Amino acid sequence: MKSKLPFNLTKDQSFYEALSDWVGDVFYDILPEKGFDLRDEQVFMAFQLNQAYKQKQVMFAEAGVGTGKTLVYLLYALSYARYTGKPAIIACADETLIEQLVKKDGDIQKLEQALELNIDVRLAKSREQYLCIKKLEEKLNINESFHDIWEGLPPFVHETNSMNRFTHYGDRKEYAHLPDEEWNEIGWDSLQDCMSCVYRHRCGQTLHREHYRNSSDLIVCSHDFYMEHIWTKDSRKREGQLPLLPEASSVVFDEGHLLEYASQKAMTYRMRMETLESLLERLSASDMRESTLYQIEDIMLSNEKWFTLLEQGAKTGSGTDRQYITRSSSTLDQGKLLTESIENLLNELVFESEMYVMDDYLLKVVEEYLEQIQYSLKLFLEDEKGIYWLEATEDEHTFVVMPRLVEEILRTKVFSQNIPFIFSSATLSYNRDFSYVAQSLGIEEFEKFSVDSPYEYDEMMNVYIPENLNGLDSKFGYAVEQLKRNNGKSLLLFSTKEEMNAFREFYRNESEQEWKVIFEGDKEISHTVEEFQNDRSAVLCSYHLWEGLDIPGESLTQVVIASLPFPPKDPVFDAKRKHALNPEDEVDVPYMLLRMRQGIGRLIRTSEDYGKIHILLSEEDSSYREVLKSILPVQVNTMKV
């Protein structure tokens, strides 16, 4: 059922004419009367989006900090959703951005209050943000701290009768006290066999899915979740399931420059040695022909040997848990043998299914997983098409593969839809050129515009690039000194988790500080951000929050960037470098500059903000000083240490 449009639509006007008139009234009259600033950049963006919605175009909307771009796309997404009767999807770069959008006093609530609207907005969080009851149950005998969580589950989770009523539960935010390491032990992961889980219909994420699907206005999710929806839509339909998300009227990608990485992540296949063995053991317990049992035994032996060869040739990169795989002749030969064995088993299972003696559901699960493994192996054997690595722990061995290029998949599965797609970010272009992001996403036709921030940065910000910082101790010592001078109230951005933890060890020797130091990962991320915002003297250390962190006011008056955020040396970025004519200029430097622009953008969030930026360069990074200056909004104050 359609909700009422937020404006009157007469017989003499088209929807787009009435929408344009209403948006003009909103920005020129209604919002200024409610205390909002009138911004020319915001009005310009609004009328550009009107054309994008009218023509159902892909639009790259690059708008600097302070232009109010979120309010603009919310007005259009909401109006078009009510006009079409289908919800709009707002896909944010990560869960932190989602929380910023829907939090108390966030942009959606401000819009509701200013325009006296009741917006039906619902969250569709990534599956990793939900508790896995099966994993929790398995860990009860290993970790006693999980017993309180188990006892705190709603009563219907443990009941076997049909549910007359239920409550939503299992969101990561409900367990904010757990550090990421403990949450990963009980949170959902991609290797869970949900279809055969006994808790399937009492699972928190499944119950929540029914809730957000019924939104009439806006569904807010992450890039990862949207791309997982796209990638799994067809297979879920084949299995008689609904897609993860409903059909949308339009899609907005907030911080849209990060969509390529979410796309690759969503299209990743994970092949775990232990999962295949477990599935085949369950299958072999069924009634089946002797030839099928022999084929299962061949695959299990071949699978174990293949993983052994992978481990023997694996090499660990710096700053990553992804191990490089050596494409030796023995590994390739064993991969081909495993592929052939899987093909033979799939043929055998066709005959087994016709005999109707095996569990049909288990058979479908095994066939689906075997087909995924086949595709994974094909990408590995055809070197140019895949990016692959090994993740190995004491208990698990996982082969990971993703397609190297996602352009064709995005072109056919996403941008072929005849609906508006809006990319919103302060950093979508490189010198006003949008071709890099367009090509990486398979977008051939698009409209674009760029508007600068309305802020007078020269009066609000000082940037320092100190000289002669050799080694981590020198950098960290400088950072601690700046924290003391600023009395906390700072964000420290690190390139990796390892670098952040190195600072944690260094900082333990400091005992005179009067402020709290908060580290990302010690608690749930939205709780961490809220704690930092509410403590006017705290320091936040993070390696993820280069984008999306929105902390105006006195809580954040200084940003210290501990190192240049170059992409990691891992198989994913090495594949990009391998296929670039000039890897540094085409991959490393553009990525670093984009993240730098985002990191610097954490400081000034409103017209009343002010503060300092410190960029700490090592001796080998000093050659990037000039290119850094080209992206800074103010002149640099060079400091000697």
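Glutamate 17 sits in helix α1, which covers residues 15-33. A good thing to know at the start is that this is a predicted model. Let's visit three residues in turn, beginning with this glutamate.

On the surface, Glu17 joins Asp21, Asp25, Asp29 and Glu33 in a patch of negative charge. Is glutamate 17 itself buried or exposed? Its relative accessible area is 44%, so glutamate 17 counts as partly exposed.

Next comes glutamine 374, which you can find in helix α15, residues 360-381. Buried means under 20% relative accessible area, and glutamine 374 has 17%, so this residue is buried. Which residues does glutamine 374 touch, leaving out those up to four places away in sequence? They are Thr339, Ile342, Glu343 and Leu346.

Our last stop is leucine 549, placed in the loop between β16 (539-542) and β17 (558-561). With a relative accessible area of 0%, leucine 549 is buried. Not counting residues up to four places away in sequence, leucine 549 touches Gln100, Leu491, Val529, Leu540, Leu556, Arg602 and Arg605. For a sense of distance, look also at glutamate 620: its C-alpha atom and that of leucine 549 are separated by 29 Å, and the two residues are 71 residues apart along the chain.

Here are the three residues side by side:

| Residue | Relative accessible area and state |
|---|---|
| Glutamate 17 | Glutamate 17: 44%, partly exposed |
| Glutamine 374 | Glutamine 374: 17%, buried |
| Leucine 549 | Leucine 549: 0%, buried |

Notes
Residues are numbered from 1 along each chain as its sequence is written. This is a predicted model: local features need pLDDT of at least 70, side-chain atom pairs count only at pLDDT 80 or more; totals for chains, interfaces and linings use all residues. Side-chain values use heavy atoms; hydrogens and water are left out. Patches are made of residues with over 30% relative accessible area and no salt bridge: like charges are joined within 9 Å, nonpolar side chains (Val, Leu, Ile, Met, Phe, Trp, Tyr) within 5 Å. Accessible areas come from the Shrake-Rupley method with a 1.4 Å probe; for residues, only the protein chains shown count as cover. A salt bridge is a side-chain nitrogen of Lys or Arg within 4 Å of a carboxyl oxygen of Asp or Glu. Lys and Arg count as positive and Asp and Glu as negative; His and the chain ends are not counted. The place of a charge is taken as NZ of Lys, CZ of Arg, CG of Asp or CD of Glu. Helices (H or I, at least four residues) and strands (E, at least two) are DSSP runs, numbered from the N terminus. Buried means under 20% relative accessible area, exposed over 50%, partly exposed in between (1.4 Å probe, protein chains only). Contact means heavy atoms within 4.5 Å.
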